[in-house]
Amino acid sequence: MTTSKVLPNDSKTNRSTDENKLLHFQAEQELALGLEQAKRTQWFDPVPRQFLMKDKATTTILFGGLTMAHDFLVEGVLKGLGYTVQHMDCPDTESLRFGKEFGNRGQCNPTYFTVGNLIKYLHHLREVEGKSKEEIVSNYLFITSGSCGPCRFGTYVTEYRKALRDAGFDGFRVLLFQQQNGLKQATGGESALKLDTSFFAGFLKAVLLGDILNAIAYRIRPYEVEAGSTDAALARCKQFLYDALHQRKWLIPALIRCRKELEAIKVDRTQVKPKVSIIGEFWAMTTEGDGNYQLQRFLEQEGAEVEVQSITAWILFLIWEGRYDTQKRMRLRGEDSGRYGLEGKNPVVRLRMLAIADRAIRVLFQVYAKTIGLNGYHLPDMDEIAEVSHQHYNNHVRGGEGHMEVGKLILNVAKRKVNMTLSVKPFGCMPSSGVSDGVQSFITEKYPDAIFLPIETTGDGAINVYSRIQMMLFKAKQAAQKEFDDALTKKDITVEKLRSLSISTSTHPLRKSRHVVACTAANMVYGMRGFMSWYSLRRNKEEVKGV
């Protein structure tokens, strides 16, 4: 039998007195620090002045965060709609310095770079161009994207406002464009931002065209004969498309002009280069500056062909999410009234509209791609990605790229799409780190042929990242060379003979061989069946004439 210990009366009195003293001290400190009022009210993030119609003529919209091609083309779309727009430069290490100086500690890399990039530009307006703080706050605003989930991404807009306030630009307008909810501001009749069909159609066109330009650049640039010729041609193409979007003209003539520019590039696809796919966190894998150590250019300089995931694929993933969630909710006993619920809605109509949206995006993408000369480019099948990844990463889990990162790696290996997969994400990125450092380790055990490297970006430590990539890239080069050698053996042709033939597939910048393996040079050899038959017949005729 146990007995409870009874404290003497004087001990209870002393303890009560000590607790009262602590509570009294706490109340005094809260009063001195101004925390008493905060206990009674819920904190909220105030939205600065709205962007109203009366401010449209005097306000410049700043934006950025996609690739340079996308940002440039979006600027053309918005200018065509009557807005004064300026896209931001790609964030650099100086942007990182500004972000760390005025931002909170413990943020992820994209926040530091993008927040710092905005503050750097505003400092330029104030210190170099001589604009006052009041003029900047009144005549400029910034639009950025946002979302929610298991990530610091949901607090980006608050971090922007905090850093702007500490940098001396208190009251600067930052409007948040939600992935699911549109623009979070009071969009009444007086709002200057009209989110209508013209706005979204123009934005979609800019996204599709930006993806196409980037894809064709990554396909041609590694094999160019004259260094810099691809970038020069792409710069002219971007200007053609910018002008068409700005003037709201038909895009087909501009795309045909782009095709002629690209056809003039000289290439040599007999060069054996490993193909490297960059996946991972959205911003880290798409940015082209110091935020990911300029990985795309570094890989190309090291002798690789790069494949970067498109923004169009992300849009298709959002559509897939809507279809998947709707189909699951249709099986519930009742209709829920949540944000994504089906109460008062027709799920069949919703599914039909999502299917039409998916189909329309794919058709429009292929029309633009084939017109400019991007042949044989396939947008990902979201159902296939979900199916192959489901047993390793539940399709219900959201945040970051969800199950897509797992599915992409599996398909890269199973279908021999690339020789190496590189997963890049900011340091401490919860959704991507949990996948690439956890789940993907099991995938690489199941698929031992996979050459997979996860890296984290912090803004510094580029030398360490480069050395890790170089070590893994050595394996990828060996794999690509083996694919090329096997192709030569199967086709019974030598490298010297291949280069002397100078067939159109190897010299035409817009020709693409049928996919067999990852290496482009090897695919070119496999695609020579018809040409070699014709070549052998011609050679036999010449030998007969010679006799």
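Student: Leaving aside its neighbours within four places in sequence, which residues is Leu-262 in contact with?

Tutor: In this model, which is predicted, Leu-262 is in contact with Ile-216, Ala-233, Leu-234, Cys-237, Ile-372, Pro-509 and Leu-510, once those sequence neighbours are set aside.

Student: What makes a group of residues a nonpolar core, and which residues have the most contacts inside the largest one?

Tutor: The members must be buried residues of the nonpolar kinds, joined through side-chain atoms within 4.5 Å. The largest core has 64 residues, and those with the most contacts inside it are Leu-73, Leu-241, Leu-262 and Ile-372. Helix α7 supplies the largest share of this core, ten residues. A second core, separate from it, has 23 residues, among them Tyr-218, Leu-453, Ile-469 and Met-472. As a general background, nonpolar side chains tend to be buried together in soluble globular proteins.

Student: How do you know what span helix α12 should have, and what does the model give?

Tutor: Helix α12 runs over residues 311-329, which is 19 residues, and the expected span is 1.5 Å times one less than the number of residues. That comes to 27 Å, and the end C-alpha atoms are 27 Å apart, so the expectation and the model agree. At the start of this helix, the backbone nitrogen of Ala-313 has a side-chain oxygen of Ser-310 within 3.1 Å.

Student: What do the buried residues of α12 pack against?

Tutor: They pack against α2 (68-80), α7 (197-220), α10 (282-286), α13 (347-372), α14 (382-389) and α15 (404-414). The buried residues of α12 include Ile-311, Trp-314, Phe-317, Trp-320 and Tyr-324, together with polar or charged ones such as Glu-321 and Arg-323.

Student: How many aromatic pairs are there, and why is the one between Phe-142 and Tyr-160 called tilted or stacked?

Tutor: The count comes to eleven aromatic pairs. In the pair of Phe-142 and Tyr-160 the ring centres are 5.2 Å apart, inside the limit of 6.5 Å, and the planes stand at 40°, which is neither under 30 degrees nor over 60, so the pair is called tilted. Phe-142 belongs to strand β3 (residues 140-146) and Tyr-160 to helix α6 (residues 156-166), so the pair ties together parts that are 18 residues apart in sequence. Both Phe-142 and Tyr-160 are buried.

Student: What makes the pair of Trp-320 and Tyr-324 stacked or tilted?

Tutor: The planes of Trp-320 and Tyr-324 are 20° apart, and the centres 4.8 Å; the angle is under 30 degrees, so the pair counts as stacked. The two residues are four apart in helix α12, and therefore about one helical turn separates Trp-320 from Tyr-324. Trp-320 and Tyr-324 also belong to one aromatic cluster with Phe-282, Trp-314 and Phe-317.

Student: Why are Trp-320 and Tyr-324 counted as buried?

Tutor: The cut-off for buried is under 20% relative accessible area. Trp-320, at 3%, falls under it and so counts as buried, and Tyr-324, at 12%, does so too.

Student: Is Lys-100 buried or partly exposed, and where does its charged end sit?

Tutor: Lys-100, in helix α3 (residues 93-102), has a relative accessible area of 35%, which lies between 20% and 50%, so the residue is called partly exposed. Its charged end sits over the ring of Tyr-112, 5.8 Å from the centre, and the distance limit for such an arrangement is 6 Å. Leaving aside neighbours within four places in sequence, Lys-100 is in contact with Arg-105, Tyr-112 and Thr-458.

Student: What makes the approach of Glu-300 to Arg-221 a polar contact, and why is Glu-300 counted as buried?

Tutor: The side chains of Glu-300 and Arg-221 approach to 2.8 Å, and the limit for a pair of N or O atoms is 3.5 Å, so the distance meets the rule for a polar contact. Glu-300, which lies in helix α11 (residues 295-301), has 13% relative accessibility and therefore counts as buried.

Student: Why is His-392 called buried, and which residues does it touch?

Tutor: His-392 has a relative accessible area of 16%, under the cut-off of 20%, so it is called buried. His-392 is placed in the loop between α14 and α15. Not counting residues up to four places away in sequence, His-392 touches Val-406, Ile-410, Val-439, Phe-442, Ile-443 and Lys-446.

Technical notes
Residues are numbered from 1 along each chain as its sequence is written. This is a predicted model: local features need pLDDT of at least 70, side-chain atom pairs count only at pLDDT 80 or more; totals for chains, interfaces and linings use all residues. Side-chain values use heavy atoms; hydrogens and water are left out. Buried means under 20% relative accessible area, exposed over 50%, partly exposed in between (1.4 Å probe, protein chains only). Contact means heavy atoms within 4.5 Å. A polar contact is a pair of N or O atoms within 3.5 Å; within protein, one must be able to donate a hydrogen and the other to accept it, and residues adjacent in sequence count only if both atoms are side-chain atoms. Rings of Phe, Tyr and Trp (its six-membered ring) pair if their centres lie within 6.5 Å; planes under 30 degrees apart count as stacked, over 60 as edge-to-face and the rest as tilted. A charge sits over a ring if NZ of Lys or CZ of Arg is within 6 Å of the ring centre and within 35 degrees of the ring normal.
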